[in-house]
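Here are a few exercises to work through with the model open beside you. Try each task before reading the solution under it.

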Amino acid sequence: MRLLAALPLSYAVASVWAMALARVLPGALAEATVAATLIAFVICAVAAMYAYAARSGWRAVWVLSTAGMAAALIAWLSIAAGSRL
Amino acid sequence: MSRSFRQSQAGLHTWSGLLLGWVLFLVFVTGTVAFWREGMNRWMRPELARVEQPMQVLAGAQRFLQGKAPDAKSWFIPIATESSPGAQVFWQPQPKEGEAPRRRGRRDTQALIGADGLPALVRETRGGEFFYRFHFDLHYMPVIWARWLVGFAAMMMLVAILSGIVTHKKIFRDFFTFRRKKGQRSWLDGHNATAVLALPFHLMITYTGLVTLMALLMPWAVVANYTDETKLFETLFPQAEAVERSGKPAPLVDLRTLVRDAETRLGGTVGSISVSEPGDASARVTMYRAPSSMLSSRPPSLAYDGVSGRLLWQSPVHGAASLTAGTMIGLHAGRYADTLLRWIYFLCGTAGSLMVASGMVMWTVKRREKLPDPEDPHFGFRVVERLNVATIAGFPLGMGCMLWANRLLPVGMADRAEWEIHTLFLAWLAAFAVSLLRRPAASWVALLGATGLLLGLLPLYNMIATDKGLVAALALGDLLFVGVDLTLLVFGAAFLLVARRVARFRTEPRREGRARGKRIAAPAVLEPAE
């Protein structure tokens, strides 16, 4: 369970946060995109650490999924409202 | 909270480390050697003279290309330096209709221009380029798969480092502690010493390594903002507008004068030149600043009219995030580093290789003590133990054999460059067989000893068979050859020393773990990185 949370799930959380941040970070589009990508690697590592620190494997999956959903919502709303280049 | 958090991270540290430790070891070792990529390019072609006048090489390159590919689509000319073998020039022929565009790097559209400005006839070798490419592309497998595998290993490494910091609470006190002859404790101390010693380096190199592959590993930010990613790359890597061939012939300006002009404008040396539509009235010359002259790996460039030599375009300044990414990649590759700093990179890389190797061996040492019967371990344990021997001792053996192949394979041999590389893998395969067939304690000794002999004897062979041996190179003042050969001697001696330590303890099974504890902890250097 922890392994599931640490590997695919932390990458997934990092990915959706990369999308969300790329949409909301200020500055030029290319700059926000690059900055979001740089930050995403840190998110991925921290998420994996959390997966092992959480009280239980289920809790890790639950918390990380929620964090991912939040980012997905931000990204989806932002893309629906604006447009992509 | 802090105590349980620390314990939780210990499990993560062990499993993320073990899972991809072998890949990480290969990546660390070849990456460490690749800091001397240019130097190895020259060392592996000992018949070449040292470049003393880069501009003479450039003039020769222009002359050569004008004769060889006067109406090419484009030329690419790197500026030779004292550590490079010369200028490896490429050209791209005009695309023929209905034919796929040719890949750059094909052998029939490139040449090496030597110090005298003439095309050099030398042994075929990939030189240091092999180590550089293997570091992220591996070999014998599709490049994209390899990069995913290496990227995944790097992500694991980042997690292993961060959780490792958490796990070792008394990290700095541990660093000053070395308990010899204490079995598992010695291993742990050795692992901690190599890890903490270069901790900022390990953290930097792992994170920046991920950044070098970020377009592949983490494309999602791009997906969120762009439907067509080429638009992003046009912004990040701006280039002057492409030119069309006019059909009116016109002589190309002397590239040397443009280099002088570009160097004053760029505020640093020029590293490479590309020429579009040479020999045509529309010709365009682009000058790139050398990555060795700046921290960022995204050098600014200038575009000139290829006939009049007028400046037409200069690359815009990078934004903060793009500059940050470029600087991280620059930090990773270390091209900016001068010789002293390059040595520090090399030593840190060596420490990193040792950190991975000792961590892997520690996994077995730690578990052996807990086994119900240490003399007859279970299957999984034996697999890890033997894969450790095959990788940690076997891969350096393969590298040693490759360097010998570079010296010994006949110069005119077909596919010679490829066979140098096959030699590495054949030797590694043999090492793998040895580690499967014999007891680990015996194969450690055999493989480490053989590697030590191979590395240590190579400088002697160079002294006898080439005119760039230690003494001759010292007399010539060619420090690159002196440095590589001395490093080989040191690493050869270190391997032999370690092999002897292991052999001495072999007869006492109870103390075997302890013996191998010193295997890595005793000499500060182990990997054959030249």
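**Exercise 1.** Work out how H16(B) passes H17(B): in a left-handed or a right-handed crossing?

*Solution.* Bear in mind that this is a predicted model. Start with the handedness: the crossing of H16(B) with H17(B) is right-handed. Next, take the geometry. Helix H16 spans residues 416–437 of chain B and helix H17 spans residues 440–465 of chain B, and the two pack at an angle of about 155° with their axes 8 Å apart. Angles over 145 degrees count as roughly antiparallel, so H16(B) is roughly antiparallel to H17(B). Now look at who touches whom: Ala431(B), Val434(B) and Ser435(B) on the H16(B) side meet Ser443(B), Ala446(B) and Leu447(B) on the H17(B) side. Sorted by class, this contact has four nonpolar, two polar and no charged residues.

**Exercise 2.** Place Leu409(B) in the chain, then decide: is Leu409(B) buried, partly exposed or exposed?

*Solution.* First, location: Leu409(B) sits in the loop between helix H15 (379–408) and H16 of chain B. Second, count neighbours. Leu409(B) has 17 C-beta neighbours inside 10 Å, so Leu409(B) counts as partly exposed; buried would take 20 or more. Third, list the contacts, leaving aside neighbours within four places in sequence: Leu409(B) touches Arg416(B), Trp419(B) and Glu420(B). Finally, check a residue far off in sequence. Arg123(B) is 286 residues away along the chain, yet its C-alpha atom and that of Leu409(B) are separated by 9.1 Å.

**Exercise 3.** Put the strands of the seven-stranded sheet of chain B in order, and say which strands stand at the edges.

*Solution.* Build the sheet pair by pair. Strand E1 (residues 74–78) of chain B runs antiparallel to strand E2 (residues 87–92) of chain B, joined by three bridges; here Ser74(B) stands opposite Gln92(B). On to the next pair: E2(B) and strand E3 (residues 110–113) of chain B are antiparallel too, over four bridges. In that pair, Gln88(B) has Leu112(B) as its bridge partner, and Phe90(B) has Gln110(B).

Carry on across and you get an open sheet with the order E3-E2-E1-E4-E5-E6-E7 and antiparallel pairing. E3 and strand E7 (311–314) of chain B are the edges: each has a single partner strand, so one side of each lacks a neighbour in the sheet. On average, neighbouring strands are turned by 20° against each other, direction ignored.

Last step, add the helices. Helix H3 (residues 54–68) of chain B packs on the sheet, touches E1, E2 and E3 of chain B, and makes about 30° with the direction of E2(B). Helix H12 (residues 255–266) of chain B lies across strand E4 (270–276), strand E5 (284–289) and strand E6 (301–305) of chain B, at about 45° to E5(B).

**Exercise 4.** Describe chain A, then find which element gives the largest share of the side of chain B that touches chain A.

*Solution.* Chain A has three helices and zero strands, and its C-alpha atoms fill a box of roughly 40 × 25 × 15 Å along the principal axes. Of its 85 residues, 49% count as buried.

Now the interface: 33 residues of chain B contact 29 residues of chain A. The largest share on the chain B side, six residues, is from H10(B). By class, that side has 22 nonpolar, 10 polar and one charged residues.

Terms used. Residues are numbered from 1 along each chain as its sequence is written. Chains are lettered from A and ligands numbered from 1 in the order in which they are written. This is a predicted model: local features need pLDDT of at least 70, side-chain atom pairs count only at pLDDT 80 or more; totals for chains, interfaces and linings use all residues. Two residues are in contact if their C-beta atoms, placed from the backbone, lie within 7 Å. Ala, Val, Leu, Ile, Met, Phe, Trp, Tyr, Cys and Pro count as nonpolar, Asp, Glu, Lys and Arg as charged, and the others, Gly among them, as polar. A residue is buried if 20 or more other C-beta atoms lie within 10 Å of its own, exposed if 12 or fewer, and partly exposed in between; C-beta atoms are placed from the backbone. Axes are lines fitted to C-alpha atoms, for helices over the stretch in contact, and angles run from 0 to 180 degrees between N-to-C directions. Angles under 35 degrees count as roughly parallel, over 145 as roughly antiparallel, 65 to 115 as roughly perpendicular and the rest as oblique. A crossing is left-handed if the near helix is turned anticlockwise from the far one by less than a right angle, and right-handed if clockwise. Two strands pair if DSSP finds at least two bridges between them.
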